[in-house]
Amino acid sequence: MVDVDSFIDEKIAEISNEVGDANAVIALSGGVDSSTAAALAYEAIGSQLTPVYVDTGLMREGETDQIRDVFDYMDSLRIVDAKDRFLDELEGVTDPEAKRHVIGEQFIREFETVAKDVDADYLVQGTIYPDRIESEGTIKSHHNVGGLPDVVDFEGIVEPMRDLYKDEVREVARELDLEEIIAERMPFPGPGLAVRIIGEVTEEKLDVARMANHVVEDELEEYEPWQALAAVIGKATGVKGDNRVHGWVVSVRSVESRDGMTARAQEIDWETLQRIQSRITGGHDNVARVVYDVTHKPPATIEYE
Ligand code: XMP
C-alpha cells in the first residue's frame, strides 16, 4: 500500500510540471477512478482542467445530480446533456457489440467537441494498474472507452494512478475528501444501463432498468455486494389488477468478487427477495415478473451484455 499523503503530493507536483500552462480534459464518469484522477488533477492545475461528464441517459437514478453536487467545487466542470442523441443513435440497435460500439462512438464525439472547445493539449485518465494488465489480455479490452487518445491530437496523456490498485484508489479518494458515495461506489459499466437491457434500448426499458437498479442497490446494501444490479431481460405474461399483461421480466443479480474477473452469486434471504420483487413489480405498470440470477462467473458474466 502506498503512503497516501506523499502519493498525493508527488502526483500533484508531477501533474503541474507536466501540464504547465496548457489545458487538460478528463472524461468524468462518476466512478471512483475517474473521479479520483479528476480531483488530483484539479488540485494540481485548477480550472486549466475541464472535467467532462456526459449524461448519456444510460445512468442510474439521480446519478447526474449527484455528480453535479460532488464536483460543484470545480468551476470548469462541464455537464453535457446528450440523452436524446444517445437514444436516437441506439434506436433499432439490438446486437450487444453494436450497442457498445454506438455508445463508445457517440461518447467520443461528445467528448471531442468539448476538448476542442477548450483547446485541450492534455488528456487525464483514471487508468489503474489492473486496467493495464487486463488490456494486455482480451477479456476486458472492450470495457473502457478506447479511442479517446486518438480523437484529438493530445500532446500528452496523464495517468496519475496507473500503478495503483482499486483499494489504494479508494484510500486516495477518501483522503481527497471525495464523498463516501463516490469513494465507496460499486463498479458501474461505461455503457451504463444499456448492458443491463437485452436487445434494443428504449425509453420504457430504461425507465424499468433505472427503477429496478435503484431498488436493488437500496435493498441489498447490507449484503455489501461487489455489485448488485437489475437487468431487463425480456417479456412474459403476468396479471395486473384484472388484466393479463405481457410485461417486462427483470432479473436481479448480486455478486461477491475481488476484482470482477470471477464472481459468486450471493445467497439472499427470501424476505428480502420478496420485498425486492414487490417494489419492482409495483414500481412500473409494465413489469410482469422478477427473477433472481444464481449463476456464478464463470460461466455467466456479471453484466448481461
Ligand atoms: P462482466 O460483465 O464482463 O464485467 O463480467 C466485469 C466487470 O466489468 C464491468 N464492466 C464494464 N466496465 N466498461 C466498464 O467500465 C464496460 O464496458 C464494462 N462492461 C462490464 C462490470 O460492471 C463488472 O464490474
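Colleague: What makes strand 1 and strand 4 count as a pair?

Modeller: In this model, which is predicted, strand 1 (residues 24–27) and strand 4 (residues 122–124) are joined in the parallel sense over three bridges. Two strands are taken to pair when at least two bridges are found between them, and the three bridges of strand 1 and strand 4 therefore satisfy the criterion. One of the residues involved is A24, whose bridge partner in strand 4 is Y122.

Colleague: Which strands are the edge strands of the sheet, and what makes them so?

Modeller: The sheet is open and consists of five strands in the order 3-2-1-4-5, with parallel pairing. Strand 3 (78–81) and strand 5 (156–158) each pair on one side only, and these are the edge strands. From one strand to the next, the twist averages 25°.

Colleague: What does helix 2 lie across, and at what angle does it run to strand 1?

Modeller: Helix 2, which spans residues 32–45, lies across strand 1, strand 2 (49–55), strand 4 and strand 5, and its angle to strand 1 is about 160°. Angles are taken between N-to-C directions on a scale from 0 to 180 degrees, so a value of about 160° places the direction of helix 2 towards the upper end of that scale relative to strand 1.

Colleague: How do the axes of helix 4 and helix 5 cross, and which residues meet there?

Modeller: The axes of helix 4 (residues 83–90) and helix 5 (residues 96–117) come within 10 Å and cross at roughly 145°, and the crossing is right-handed. From helix 4, R85, F86, E89 and L90 meet K99, V102, I103 and Q106 of helix 5. Divided by class, this contact has four nonpolar, one polar and three charged residues.

Colleague: What makes strand 6 and strand 7 a pair, and in which sense do they run?

Modeller: Strand 6 (residues 227–240) and strand 7 (residues 243–256) run in the antiparallel sense and share 13 bridges, and because at least two bridges are required, the pairing is assigned. G238 stands opposite V245 in strand 7. The hairpin formed by these strands has two residues between them, and G241 takes a positive phi near 60° there.

Colleague: Why does the phi of D119 deserve a remark?

Modeller: D119 has a phi near 60°, a positive value in a residue other than glycine, and its place is in the loop between helix 5 and strand 4. Most residues other than glycine have a negative phi, and most peptide bonds are trans, which is why such exceptions are noted.

Colleague: Which peptide bonds are cis, and what are their omega values?

Modeller: The bond from K297 to P298 is cis, with omega near -10°, and the bond from P298 to P299 is cis as well, with omega near 10°. P298 is found in the segment after strand 9 (287–292), and P299 has its place in that segment too.

Colleague: What separates domain 1 and domain 2?

Modeller: The domain assignment gives domain 1 (4–183) and domain 2 (202–292), and their centres, taken over C-alpha atoms, are 29 Å apart. Five residues from domain 1 and six residues from domain 2 make up the contact. On the domain 1 side, the residues divide into two nonpolar, one polar and two charged.

Colleague: Which residues come nearest to the ligand?

Modeller: Of the 13 residues around the ligand, P189, G190, T301, I302 and E303 come nearest. The shell has five nonpolar, six polar and two charged residues.

Note on methods: Residues are numbered from 1 along each chain as its sequence is written. This is a predicted model: local features need pLDDT of at least 70, side-chain atom pairs count only at pLDDT 80 or more; totals for chains, interfaces and linings use all residues. Helices (H or I, at least four residues) and strands (E, at least two) are DSSP runs, numbered from the N terminus. Two residues are in contact if their C-beta atoms, placed from the backbone, lie within 7 Å. A residue is near a molecule or strand if its C-beta atom, placed from the backbone, lies within 6 Å of it. Ala, Val, Leu, Ile, Met, Phe, Trp, Tyr, Cys and Pro count as nonpolar, Asp, Glu, Lys and Arg as charged, and the others, Gly among them, as polar. Domain bounds come from an automatic or database domain assignment. A crossing is left-handed if the near helix is turned anticlockwise from the far one by less than a right angle, and right-handed if clockwise.
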